[in-house]
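Me: I would like to go through how the protein meets the DNA here. Could we take one strand at a time?

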Number of protein chains: 2
Amino acid sequence: MDPTQMLSRSEEAEQFLKQLSNKTRLMVLCSLLEGERSVTELLDDVPVTQPVLSQHLALLREAEFVATRRSGQTIYYRLADNRIIQIMNLLYGFFCADN
Amino acid sequence: MDPTQMLSRSEEAEQFLKQLSNKTRLMVLCSLLEGERSVTELLDDVPVTQPVLSQHLALLREAEFVATRRSGQTIYYRLADNRIIQIMNLLYGFFCADN
DNA sequence: GCTCAATATTAGCTTTAACTAATATAGATT
DNA sequence: AATCTATATTAGTTAAAGCTAATATTGAGC
């Protein structure tokens, strides 16, 4: 591969992985693997304060790893990137599968 | 999953991903996907200075993502973690496959 | 229109990651 | 043993990520 392209592709991949490299975001994404969740539901699953969760959700939105849907004052999050589903399944196998 | 376990597993996964989340390390690992390489050969592939490459190689060794073999004054690096091979192949598909 | 519940944003601080520059080690060669 | 080549390490600086605390926004219900 041409060196300039290799560099820019590895920068993209770096960016992608960094957006994923956080325990709170990983727990959120893992929870969303099971389906749509409101912020309040995520707060039950993930041991962080509301503002911190909200900051991480903002990052996941900007990365377009998740998408949202509003219903009244409740906002539902869901996975929106097929790459994330693939990576999360792989990580689940590495770190969470019981065997 | 029990909340304490979920937290500690997501911390492990975070650590694992962070060790991977760097363009230089990604280029090194990508190069090693094709087989063993000496540091000098890696320097030809990866656009960084020798001390910087060496720092990243040290990190990859500590993470046990790679292993080494010495032959005279030359040190050869190779991939040593099957999880890395799986993730790198996935990332290659996401960011480097031409289609 | 006021109040409450759900969610988001901003500022300030601290920690961690990565770079540069200089130097060190270790094996090979003369 | 002196020198060269290959590789590693260390110290110092800068930049980026994540937290806390405070506050803002938005929709619902009275």
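Reply: The exchange below covers the two DNA strands in turn. Please bear in mind that this is a predicted model.

Me: Let us start with strand C. Which residues come nearest to DNA strand C?

Reply: There are 21 residues around DNA strand C, and the nearest are A:Thr40, A:Gln50, A:Gln55, A:Tyr77 and B:His56.

Me: Which elements supply at least two residues each to that surface?

Reply: From chain A they are helix H3 (39-45), helix H4 (50-62) and strand E3 (74-79), and from chain B helix H4 (50-62). H4(A) gives the most, with 5 residues.

Me: What part of the strand does the protein meet, bases or sugar and phosphate?

Reply: Among the atoms of DNA strand C within 4 Å of the protein, 52% are sugar or phosphate atoms, and the rest belong to bases.

Me: What does the side chain of A:Gln50 approach?

Reply: An N or O atom in the A:Gln50 side chain is 2.7 Å from a base nitrogen of DNA strand C.

Me: And on the phosphate side, what are the distances for A:Ile75 and B:Arg25?

Reply: A:Ile75 uses a backbone N or O atom, which lies 3.1 Å from a phosphate oxygen of DNA strand C. With B:Arg25 it is a side-chain N or O atom, at 3.3 Å from a phosphate oxygen of that strand.

Me: How do the residues of this surface divide by class?

Reply: The surface near DNA strand C has 6 nonpolar, 12 polar and 3 charged residues.

Me: Now strand D. How many residues surround DNA strand D, and which are the closest?

Reply: DNA strand D is surrounded by 22 residues, with B:Thr40, B:Gln50, B:Gln55, B:Gln73 and B:Tyr77 the closest.

Me: Which base atoms do A:Gln55 and A:Gln73 approach?

Reply: For A:Gln55, a side-chain N or O atom is 3.1 Å from a base oxygen of DNA strand D. A polar side-chain atom of A:Gln73 lies 3.0 Å from a base nitrogen of DNA strand D.

Me: What about B:Tyr77?

Reply: The side chain of B:Tyr77 has an N or O atom 2.7 Å from a phosphate oxygen of DNA strand D.

Me: Which elements give two or more residues to this surface?

Reply: They are H4 of chain A, along with helix H3 (39-45), H4 and strand E3 (74-79) of chain B. H4(B) contributes the largest share, 6 residues.

Me: Finally, what are the classes near DNA strand D?

Reply: That surface comprises 7 nonpolar, 12 polar and 3 charged residues.

Conventions: Residues are numbered from 1 along each chain as its sequence is written. Chains are lettered from A and ligands numbered from 1 in the order in which they are written. This is a predicted model: local features need pLDDT of at least 70, side-chain atom pairs count only at pLDDT 80 or more; totals for chains, interfaces and linings use all residues. Side-chain values use heavy atoms; hydrogens and water are left out. A residue is near a molecule or strand if one of its heavy atoms lies within 4 Å of it. A polar contact is a pair of N or O atoms within 3.5 Å; within protein, one must be able to donate a hydrogen and the other to accept it, and residues adjacent in sequence count only if both atoms are side-chain atoms. Helices (H or I, at least four residues) and strands (E, at least two) are DSSP runs, numbered from the N terminus. Ala, Val, Leu, Ile, Met, Phe, Trp, Tyr, Cys and Pro count as nonpolar, Asp, Glu, Lys and Arg as charged, and the others, Gly among them, as polar.
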